[in-house]
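The following paragraphs offer a guided reading of one protein chain. Please keep the sequence and the structure at hand while reading.

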Amino acid sequence: MNENKKTLYAVFIFLIIGFGLVQTKRSTSDSEISEDEIMNHIRYLSHEKRGGRYPGSRGSKDVIAYITKQLKSYGIQPGVNNSFVQPFEINTDIILGDSNYLKIDGTSLTPEIDYIPFSFSSSGIYKGEAVFAGYGFKIKTPDLVWNDYKSINVKGKWVIVMRHSPERKLQHSVFLEHSSLHKKMLVARDEGALGIIFISQIQDPDLYPLQYLEGYKESGIPVLHLSNNSADKILRKEGWTRKKIQNYMNTKLKPLSFNLSETITAKVNLSLITSRAANIVGLIKSGNREFRDEYIVIGAHFDHVGNGGHSSGSRKPETLTVHPGADDNASGTAGLLELAQKLASQKGRLKRSILFIGFDAEEKGLLGSKYFTENPSVDIRKIKAMINMDMIGRMKDSTFTVGGVGTSPIFENLLDSLSAYKNFKLNKTKPGFGPSDHAPFYSKDIPVLFFFSGFHDEYHTPEDTWKLINLKGQKQILNLVYDIVFHLSRSQKPPSYSEAGPKSRSMASGSSFKVTFGIVPNYSSSAVGLEIDQISNVEGPAAKAGMISGDVIRSINGKKVNDIYEYMERLRELKPGIEVPVEINRNDLKMKLKVKF
């Protein structure tokens, strides 16, 4: 080779190497977490064309397509049977079906004008006499004795009761836990009533709107609400008015019950509206033979409350317009995508595999994350940690919260070491349970961390827009999340689990319970009754009585249990030292057990 050729060859090699270095640098740079990319994602997700990302809506489907497209572009694999999409059905609304009617002594009343059923009413045709039963209380405690059913026979009859209590404005009233509509329905049902009809106090607006309430199942009896005008007509025949009744009970603090002369016939026909929601699941499968079948989950919910309205979760329910949800939770979803892109660029360095999950229907009760933990795309025992991001776009005063720190012994020290000398402050909380998508994973004994930049005045309102996002703060959060996931993926030992607080809503807010079964309820179960997700205390009453995961509690102490709310009411009635019969369904077989508390 002559000198000229040697020179040209050397230049050629130099150019190839230089081009390769530039490409490597550009590729690494492109995978870095970027404020511009965060904002681009948030602006798309929170745009008015997405319609507030209500589950099952056109806007939600657009978001599912968008997230899937982004994951594919980063080289992320499908995470559910060669698909990115994990569909599931949800109940989104309830409506009046055909031929609803109510007749009082032959006079027909008009649905939605003169009366309305409640969502937990049973459907069917019902006819019977009627009685008025005050506030519908049957209370006997050291602090209060009040029995509206003492002097009347309500078996096979309609019971008409007044809403609220004599102390409706007192926050810590002794009547409070007895005053809910559902509780009053349970008392009437236990007394053998045919059905229950509510009338309003004089301060109340007319009719409740019919709205779907997550978690409530058919009560077994019809449950109606009369308009003020219709209620006044019934009471006037007996020489009473709502005002006189209310004044009597509130002033004397005594029950007031009497028979009514009317015969009431009703047909209730309610129809649930279902929609198809979907989680989005992507996977980076590690090449490491020793650890690739272990997983770190990174999650964020992408749904929001749509156009708002009553029962949507909007804090301005009268304002029917798009709720953008830029912080809640377009910010977390944007973070999920940025982390997927950066971690994909480091695939060769990851020992454990990574699952990226965009959860749907979080705002409707964590339905997407509950569905995934009940129908996991991998062996759930192989999920070694779950990192959840919800509302990470509004960091204030360089401070944000990391929850779940107590769910593994290594988390606190790991967070301290990775955040040392950084320009932010961590507010660390230990409990693993909380109102976001990490909770169902914690209930499965999986260590969790929950990243959250804090509530604000725009939360669940139309004002939660991209213009208020703190991009610098969100990038700081995401860089810390990346460091944590990278460490957890590469560490020789996965984080071990430790219990940090209650595992369920009822346990977290159950200060009024004097006893516990020692179980974790299955909140996503469609079974009638209370399905046991797992036994939380192997020395607890349920375990000692022989209950196991999957059992469905159908009655406690002879009183029916149709859903978790009825279960909590029954539990509230029990005291330490008591033994009660409990009926369960196990694999379609009825069983009766004795449970001692």
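Over which ring does the charged end of Arg352 sit? The charged end of Arg352 sits over the ring of Phe291, at 4.7 Å from the ring centre. A comparable description applies to Lys342, whose charged end lies over the ring of Tyr482, 4.2 Å from its centre. These details, like all that follow, are taken from a predicted model.

The overall picture comes next. The chain contains 14 helices and 25 strands, and its C-alpha trace spans about 120 × 50 × 45 Å along the principal axes. Of its 597 residues, 53% count as buried. The accessible surface of the chain comes to about 27200 Å², and carbon and sulfur atoms account for 50% of this area. Among contacts with a separation of 6 or more, 78% are between residues 24 or more positions apart.

The interior may be approached through its nonpolar cores. The largest nonpolar core has 58 residues, and Leu343 and Phe451 are those with the most contacts inside it. Helix H11 (residues 471-490) gives the most to this core, namely 10 residues. Setting aside residues up to four places away in sequence, the residues that Phe451 touches include Ile387, Met389, Ile392, Phe400 and Val402, and also Ile477, Leu480, Val481 and Ile484. A second core, separate from this one, has 37 residues, among them Phe137, Ile245, Phe258 and Leu270.

Aromatic rings provide another route through the chain. The count of aromatic pairs comes to 26. One of them joins Phe517 and Phe597 in an edge-to-face arrangement, with 5.1 Å from centre to centre and 80° between the planes. Phe517 belongs to the loop between helix H12 (505-508) and strand S20 (519-521), while Phe597 belongs to the segment after strand S25 (589-596), so the pair ties together parts that are 80 residues apart in sequence. Both Phe517 and Phe597 are buried. Elsewhere, ring pairs link Phe118, Phe120, Phe198, Tyr208, Tyr216 and Tyr565 into a cluster.

Phe198, a member of that cluster, leads to strand S10 (residues 195-199), in which five of five residues are buried. Which residues of S10 point one way, and which the other? Gly195, Ile197 and Ile199 point one way, whereas Ile196 and Phe198 point the other way. Strand S9 (residues 158-162) runs parallel to S10 and is joined to it by five bridges. Within this pairing, Met162 has Ile199 as its bridge partner in S10.

Helix H4 (residues 181-190) is likewise mostly covered, with nine of its 10 residues buried. The buried residues include Leu181, Met185, Leu186 and Val187, but also His182, Lys183, Lys184 and Arg189. Against which elements do the buried residues of H4 pack? They pack against strand S7 (138-140), S9, S10, strand S11 (223-226), strand S23 (559-560) and helix H14 (564-572). Just after H4, Gly192 takes a positive phi of about 90°.

Positive phi values also occur in the loop between strand S16 (383-389) and strand S17 (399-403), where Met391 is placed. Phi of Met391 is near 60°, a positive value in a residue other than glycine. Asp397 lies in the loop between S16 and S17 as well, and its phi is positive at about 55° although Asp397 is not a glycine. Are these residues buried or exposed? Met391 counts as buried because its relative accessibility is 3%, under the 20% limit. Asp397, by contrast, is exposed because its relative accessible area is 73%, over the 50% limit.

A further backbone feature is found in helix H7 (residues 326-345), where Asn329 lies. A cis peptide bond joins Asp328 and Asn329, with omega of about -5°.

Two individual residues complete the tour. Gln70 has its place in helix H3 (residues 58-73). Gln70 is buried, with a relative accessible area of 17%, and touches His41 and Leu337 when residues up to four places away in sequence are not counted. Phe433 is found in the loop between strand S18 (425-428) and helix H10 (439-442). Phe433 counts as partly exposed because its relative accessibility of 23% falls between the 20% and 50% limits. From C-alpha to C-alpha, Phe433 and Glu112 are 39 Å apart in space, and they are 321 residues apart in sequence.

Terms used
Residues numbered from 1 in each chain as written. Predicted model: local features only at pLDDT ≥ 70, side-chain atom pairs only at ≥ 80, totals over all residues. Heavy atoms only, no water. Helix = DSSP H or I, 4+ residues; strand = E, 2+ residues; numbered from the N terminus. Buried < 20%, exposed > 50% of the residue type's maximum accessible area, 1.4 Å probe, protein only. Contact = heavy atoms within 4.5 Å. Phe/Tyr/Trp six-rings, centres within 6.5 Å; stacked < 30°, edge-to-face > 60°. Lys NZ or Arg CZ within 6 Å of the ring centre and 35° of its normal. Core = buried A, V, L, I, M, F, W, Y, C linked by side-chain atoms within 4.5 Å. Areas by Shrake-Rupley, 256 points an atom, 1.4 Å probe, with all protein chains shown as cover. Pairing = 2+ DSSP bridges.
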